[in-house]
Every structure is written in C-alpha cells, then in structure tokens.
Amino acid sequence: MTIDALRKIIGGILLVSLIAIGFSKPFQEYIEIPTSITLFEGQQFDLAKAEMVTAKMSSDNSSISLKQDNHSVSLNAKKRGENEMFLELAGFPIKKVDVNVLKDFKVIPGGQSIGVKLNTVGVLVVGHHQINTINGKSSPGEIAGIKIGDIITEINGKKIEKMLDIAPFVQEAGEAGNPLTIVVNRENNYFTTKLTPLKEKTEGSYKLGLYIRDSAAGIGTMTFYHPESRKYGALGHVISDMDTKKPIVVEDGQIVRSTVTSIEKGSNGNPGEKLARFSEDKEVIGNIVRNSPFGIFGELNQNLKNGIFDKPMPIALSHQVKEGPAKILTVVDDDKVNLFDIEIVSTIPQKFPATKGMVIKVTDPKLLAKTGGIVQGMSGSPIIQNNKVIGAVTHVFVNDPTSGYGVHIEWMLNEAGIDIYEKQKEKAS
C-alpha cells in the first residue's frame, strides 16, 4: 500500500468520524448552548450539556448560583450583575457563556380597547386639488412641487399647527397677488418653496390646490403599562395616514377608552375589523408622544384594569420565548377583556429591534367563531406565555386571517423609553 493510499484511508476515517460526531446528541446539545444568557432577578435557566462536560463560574460574585449534574446545568439569578460561565472537558475550557442578570422588572398587561387621536406636526398633504380658474384648471400646490405625504410646517415665517392657521395667509396672499413662502418637511428633509394661491372661478375664494389634514383617529389595543413610571405601549405597529400610507409624524395626541360595537369577520383575502366607538365621556386616559414602527407610546394619567391580570407580571426577552401554546388578551364585545388561546408558530431571538419577531396562530374556537382570527383593531393585544408578557399582536396574514405576526415586548419597552438593561450604578467611593 502506498503512502498516498494510506493517507486517503486515514483522511476518510477522520472525515466519517467528524461527521458522526457532528450528528451525535452530545455534540448537538453542546452546539445549542447559547454564548450569552440574560435573566431577570429570581429567574432560573436550565440548559442541557454533554456528558463529561463540567460548568463553573469565572467568579463568585453572588449574582448567579449554579447547580449541575451529568446532563444539565441550572442557573439561578439572585441579583443584578454580570458573570461568565465556562464549560470544560477534562479540565480544558471548550466554551464561554456570558451571563447577565437584570434587575427584576414587571409590567401590567393591557388588552383594553382604546381610541387614538393624533395631532400631526404641521398639516399633512393628502392630495392635490385642481382649481377651476378663469384661465383653466390648475393646482398651485402641485406647481410649487409639494407632494402627497409632505408636511407644511411654516408659512411666511409663522409656525403652522392646524388647518385653521392656513386660511388667513391664503386669502391675504391671493388678494395681494403675492406668493407664500412655505417650509415643507418631506421625510425629515426640510425645504422652502413659493406658492401663489389661485382664485376659484365659481366661488371667488383663493385656494392652495391641496387637500390637507391635521389630525387622525382610530382604535387599537393597549399592550402594557409600567406602574412605576406610568409609561405605556399600544398597537405594536406604526399608525400611517389612510391616504398617503406614510407614518404620521406626531406633534401630540391622546388615548381614550373605546367600546367594541361589532366585528366584521375576517376571511381569506379580506382582513376583518373591530368596529368601535370612543367612550361617551371621551375622558383622556393618557397622552401620545411617539408613533413608531413598534406602536404608540406615552404616559397614562390613571390606572387601567383588564379584570384578568391586574397585578404586575414579569416579561420574557426574545430568546426566552418558546414555540408552543400562549394566550392573548383582547376585547371582542363591548369593553370586556377576554383571554384567548393562540400558538407561537415560530420565534426569532433578536439582538436588535425588529417588528416581526414571532409568527402566531389563533387556535381558540370561540375567537375563531367570533372574528375568524386576527382582525384590525386587535393590534397591540398582549401575548402571554408561562405567566410572562412576551409581546403583542401586530399584523394579520391577508390570505390566512387565523395567523399573523407578533412583536417581542422588549422592543416595545425600548420605544417607550424604559431601559430594562440599565447597568448596575457604581457607588461613589
């Protein structure tokens, strides 16, 4: 046998051995052990490990206690802090796992139906209008280069906050024959343009040739509120203008209680909808300071109760969410919050904020009979798994109303201005 032939045989044996090791259960369990684990005070994390592998912490800082046997390791988070766990084989380190313990954190889940009123920054352009002048039809706004989705923030150096602010400028400039100097916000880029109002032939009034709007309203579902700071999160997705389909830039806004009056049941290709009205007293229960891809956020001026979970509950981070059974809190009749069964079909542990972290499926027969699945207005319904708030319903699949997307709760908390990752503050020496 030649040396080359012997090398090939040995190489083949090594290759087969490596493939066999790769498919072995102990090796697979080792590979699945994460390189970073985050826990809240009081939580326990169990992970499987290969036989003959031992675990130990890099330092005894009392933030983590460790228990192990031949098959598993249990980490118990005692107090806020950071540590490192080393997995060793025959005394040699084979993997390092960063362990971070966060301060105990809880929120109160929502589920209530809420009415949403948004006031825009300036006035939003939602269309062009052709003015019938003595010289033919024309749109001064279109001529000035103003597009649908633009926001008018200033006219002649004066801040514009609502539609009523514009009328005096238009009539005065039209009668004088002078152009208006208009500041426009287009996707956070500001520019100035000149617009000369034109006179409507049949009415005798001057117009901009633009359809504009300064507020929007709708309904959604409360996701959570933090009892200590009173900060809340709702909807789980951005509110866009119905005409421009672009996110509404919020100056301010309010949320009020709302009552579900009926349900338009969803079907394939036709998402359903909750039909609701604002409560009769239209009492403002909170403000709106942010409209982001993860929902609307602000502060409540009163406590909210859903009648099911009215005490603070722990949350689960994205890597702690598991595929399997879960529940949602939502309203389908009047203002009563109910608990319904769903399934977490898939979940993606995310290191960075993302709006679609889970795929969910409604399994509750009562909810399916009532709504057909996920309907508009259900967005923001909190998702509960293992007595933890894990996220919120966000979108429905158009061709399958029983299924849709969910967003992980940690990203909504981040948008609400709640820092659950706050580092241990060092005491002054």
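Me: Among contacts in the protein between residues at least 6 apart in sequence, what share joins residues at least 24 apart?

Reply: That share is 67%, where a contact means heavy atoms within 4.5 Å. Before we go on: this is a predicted model, so local features need pLDDT of at least 70 and side-chain atom pairs count only at pLDDT 80 or more, while totals for chains, interfaces and linings use all residues. Residues are numbered from 1 along each chain as its sequence is written, and side-chain values use heavy atoms, with hydrogens and water left out.

Me: How many helices and strands are there in the protein?

Reply: You'll find six helices and 31 strands. Both are DSSP runs numbered from the N terminus: helices are H or I with at least four residues, strands are E with at least two. Of the 429 residues, 45% count as buried, meaning under 20% relative accessible area with a 1.4 Å probe, protein chains only.

Me: Along strand S3, which side chains are buried?

Reply: Val 53, Ala 55 and Met 57 are; they point to one face of S3 (residues 53-57), while Thr 54 and Lys 56 point to the other and are not buried. Strands pair if DSSP finds at least two bridges between them. S3 does this with S6 (residues 81-89), antiparallel and over five bridges, with Thr 54 bridging to Glu 88.

Me: What order do the four strands of the open sheet with mixed pairing come in?

Reply: Read them as S1-S7-S6-S3. S1 and S3 are the edge strands, each pairing on one side only. From one strand to the next, the twist averages 25°; axes are lines fitted to C-alpha atoms, and angles run from 0 to 180 degrees between N-to-C directions. Inside the sheet, S6 and S7 (residues 92-102) pair antiparallel over nine bridges, and Glu 84 has Asp 98 in S7 as its bridge partner.

Me: And in what order do three strands form an open sheet?

Reply: That one goes S2-S5-S4, with antiparallel pairing. Its edges are S2 and S4 (64-68). Neighbouring strands here are turned by 20° on average, direction ignored. S2 shares five bridges with S5 (residues 72-77); one of the pairs is Phe 45 with Leu 75.

Me: Now the pockets. What is the volume of the largest pocket?

Reply: Here's the general idea: rolling a probe the size of a water molecule over the atoms shows where empty space is left. On a 1 Å grid over the protein atoms alone, a pocket is an open set of points where a 1.4 Å probe fits, with protein on both sides within 12 Å along at least five of seven lines; lining residues have an atom within 4 Å of a point. The volume, the space filled by probe spheres set on the points, is about 800 Å³ for the largest pocket. Its lining has 32 residues, and nearest its centre lie Ile 219, His 237, Ile 239, Gln 376 and Gly 377. S18 gives the largest share, seven residues. By class, the lining has 18 nonpolar, ten polar and four charged residues.

Me: How much space lies in the second largest pocket?

Reply: About 600 Å³. Of its 23 lining residues, Pro 34, Ser 36, Ile 37, His 319 and Pro 349 are closest to the centre. Elements giving two or more residues to this lining include helix H2 (25-32) and helix H6 (409-415), but S2 gives the most, four. So you've met S2 twice: it is an edge strand of the three-strand sheet and a part of this lining.

Key:
Ala, Val, Leu, Ile, Met, Phe, Trp, Tyr, Cys and Pro count as nonpolar, Asp, Glu, Lys and Arg as charged, and the others, Gly among them, as polar. Buried means under 20% relative accessible area, exposed over 50%, partly exposed in between (1.4 Å probe, protein chains only).
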